[in-house]
Amino acid sequence: MVQAALVVLLVALTCELIQYVGYSYFVSQCYKLYKLAIQKSSVVELRKYKKEIIELKTKLRQTSSQDEFAKWARIRRKLDAATSKYDKLATDLAYDKTGFEVKMSIGSRVVLYGARILVVLWYRYEPMFYLPQGWFSPITFVFSYPAAPTGSVSVLFWFLICQRVVHRILISLQLVQSSFTNSQNSTLEQENLAEPKKID
């Protein structure tokens, strides 16, 4: 019974946290992890090409196209080849990023909504906990809706409570953070106004 209530609480907490930070932020963070784990060699190669292009451009600027034409042409060919490779790899990585973000965005929504539905269906007959006898006697059946024993709190009701409480806590934390940031900014502005201006 306690284990089921904790599982529901964790699912509600995870869903609310991801909705709070936003799916786009969540997906971008997942892509960063994917890039570190899977595409590390491609990213290193891209950086190598970028460094090479910068070095070749510097050499090309330092070489006179009229006085040292053969050297200038050799550097130019290397620069064109490196730029071509860099552009191809950057395009491939951009396509991979777009594909990953689309799949991850859809997948995360399906998983989160699916987890909610699965948890409610899995524990629909199991009481999360029992209410004290006589506290809500006329409306006890509401808390046990749809299929939990009468006098108990159902998974659906418990999930809604958890979701609402977590949402309120996150909003409260956001308000506290924004008021703290605003007070810091106003303190800095007051300090700047209090400083005497130097006249040259």
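Is P149 buried, partly exposed or exposed in this predicted model? P149 is partly exposed: the relative accessible area is 32%, which lies between the 20% limit for buried and the 50% limit for exposed.

**Figure 1. Secondary structure of the predicted model.** The protein contains six helices and two strands. From the N terminus onward, these elements follow the pattern α-α-α-α-β-α-β-α. The radius of gyration is 30 Å, well over the 16 Å given by the globule rule for 200 residues, so the protein is more spread out than a compact globule. The C-alpha trace spans about 100 × 60 × 20 Å along the principal axes.

**Figure 2. Surroundings of P149 in the loop between α5 and β2.** This loop joins α5 (140-143) to β2 (152-153). Apart from neighbours within four places in sequence, P149 contacts Y125, P127, Y130 and S144.

**Figure 3. P149 and E101.** The two residues are 48 residues apart along the chain. A distance of 43 Å separates their C-alpha atoms.

**Figure 4. Surface and burial of the protein.** About 14700 Å² is exposed, with carbon and sulfur atoms supplying 62% of that area. Of the 200 residues, 26% count as buried.

**Figure 5. Charged side chains and contacts along the chain.** There are 26 positive and 16 negative side chains. The centres of the two sets lie 5 Å apart. Taking contacts between residues at least 6 apart in sequence, 67% join residues at least 24 apart.

Note on methods:
Residues numbered from 1 in each chain as written. Predicted model: local features only at pLDDT ≥ 70, side-chain atom pairs only at ≥ 80, totals over all residues. Heavy atoms only, no water. Helix = DSSP H or I, 4+ residues; strand = E, 2+ residues; numbered from the N terminus. Rg over C-alpha atoms; globule rule 2.2 N^0.38 Å. Buried < 20%, exposed > 50% of the residue type's maximum accessible area, 1.4 Å probe, protein only. Contact = heavy atoms within 4.5 Å. Areas by Shrake-Rupley, 256 points an atom, 1.4 Å probe, with all protein chains shown as cover. Lys, Arg positive; Asp, Glu negative; His and termini not counted. Charge placed at Lys NZ, Arg CZ, Asp CG, Glu CD.
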